[in-house]
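Me: I should like to learn how to read the features of this structure. Where should we begin?

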Amino acid sequence: MNAQRKQIFAGNWKMYTTKTEAVNLTIGIAEGISKTEREIVLFPPSVYVTCVITACEGTPLKVGFQNMYYEREGAFTGELSPIMINDVGAHYVLLGHSERRHIFGETDDLIHKKVVAAIAHNITPMLCVGELLEEREAGKSESTVEMQIVKGFEGLSAEDARKVVIAYEPVWAIGTGKVATPQIAESMHAFIRKTVQKLYNDTVAQSIPILYGGSVKPDNIAGLYAMPDIDGVLVGGASLKVQSFLDIINVTL
Ligand code: PEP
């Protein structure tokens, strides 16, 4: 962590929880936060977002959607627009999660359009990038992630680039229990920061929060968060239990 940058701890609930579980999880997390300088963001299933926003009233918790389409409105069955996200008062949107890329076939081009739309509507895009196991084994981790960053940021002004949050999530570490070592994660985060610096400048690169995601648990958070370019985490499985998520978001170095 580097205290100059915003520190963000996010929970991606994926397609889990009932409505009651979502609300109880939110209340439990709100009650247990001890590091108020950290931004905590919850990404519930979209159908529960409004209930979770209501449960967050009067707390510092922020809420986001796990996905979004880039058009304002129209005949796009099953999709949600940035206007709708604003309308219900959510602040973040997760874009390019590996499950969206690899199960639902989302391309860099589509993800880029969503990033642009989110910024245009004052929604903070959390842009997920990360390599597959075969790409890591073939020595292509950096080139894969570099391409995802270059395409994701294409055409954004420096001012807009600073509104993006990046989440580095190596696909081989998501939901597998195989966390990247703090050294592997730090080296990729430093590489991502260098990529942003080359696209823009040092000020932009130094201001963008880069979160790590992939099997983050209470017992590995401290090592990861101690790294200078890791500005928080995006947590899947361990964000579904109040105590394990609190143990992560309240970590003390
Ligand atoms: C995720 O869903 O973004 C994630 C990192 O999941 P997990 O923590 O379960 O690996």
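Reply: Let us begin with a definition. Ala, Val, Leu, Ile, Met, Phe, Trp, Tyr, Cys and Pro count as nonpolar, Asp, Glu, Lys and Arg as charged, and the others, including Gly, as polar. Please bear in mind throughout that this is a predicted model.

Me: How many residues of the shell around the ligand are nonpolar, polar and charged?

Reply: The shell divides into eight polar residues, four nonpolar ones and two charged ones. In total, 14 residues surround the ligand, and the closest are Lys14, Glu169, Gly175, Ser215 and Gly236.

Me: How should I read a polar contact, and which atoms of Lys14, Gly175 and Ser215 lie by an oxygen atom of the ligand?

Reply: A polar contact is a pair of N or O atoms within 3.5 Å. Lys14 contributes an N or O atom of its side chain, 2.8 Å from a ligand oxygen atom. For Gly175, the partner is a backbone N or O atom, at 2.6 Å from an oxygen atom of the ligand. Ser215 likewise uses a backbone N or O atom, with a distance of 2.7 Å to a ligand oxygen atom. As for cover, the ligand on its own has 300 Å² of accessible area, and the protein covers 97% of that.

Me: Where is Lys14 placed, and what is its phi?

Reply: Lys14 belongs to the loop between strand E1 (8-12) and H1. Its phi is positive, about 50°, although Lys14 is not a glycine. Thr17 also lies in the loop between E1 and H1, and this non-glycine residue has a positive phi of about 85°.

Me: How does one describe two packed helices?

Reply: One gives the angle between their axes and the distance between the axes. In this model, helix H1 (residues 19-32) and helix H2 (residues 49-56) have axes that come within 9 Å and cross at roughly 30°. Angles under 35 degrees count as roughly parallel, and H1 is therefore roughly parallel to H2. The crossing of H1 past H2 is right-handed.

Me: What are the angle and the distance for H7 and H9?

Reply: Helix H7 (residues 141-153) packs with helix H9 (residues 182-199) at an angle of about 40°, and their axes are 10 Å apart. H7 is therefore oblique to H9. H7 passes H9 in a crossing that is right-handed.

Technical notes:
Residues are numbered from 1 along each chain as its sequence is written. This is a predicted model: local features need pLDDT of at least 70, side-chain atom pairs count only at pLDDT 80 or more; totals for chains, interfaces and linings use all residues. Side-chain values use heavy atoms; hydrogens and water are left out. A residue is near a molecule or strand if one of its heavy atoms lies within 4 Å of it. A polar contact is a pair of N or O atoms within 3.5 Å; within protein, one must be able to donate a hydrogen and the other to accept it, and residues adjacent in sequence count only if both atoms are side-chain atoms. Accessible areas come from the Shrake-Rupley method with a 1.4 Å probe; for residues, only the protein chains shown count as cover. Axes are lines fitted to C-alpha atoms, for helices over the stretch in contact, and angles run from 0 to 180 degrees between N-to-C directions. Helices (H or I, at least four residues) and strands (E, at least two) are DSSP runs, numbered from the N terminus. Angles under 35 degrees count as roughly parallel, over 145 as roughly antiparallel, 65 to 115 as roughly perpendicular and the rest as oblique. A crossing is left-handed if the near helix is turned anticlockwise from the far one by less than a right angle, and right-handed if clockwise.
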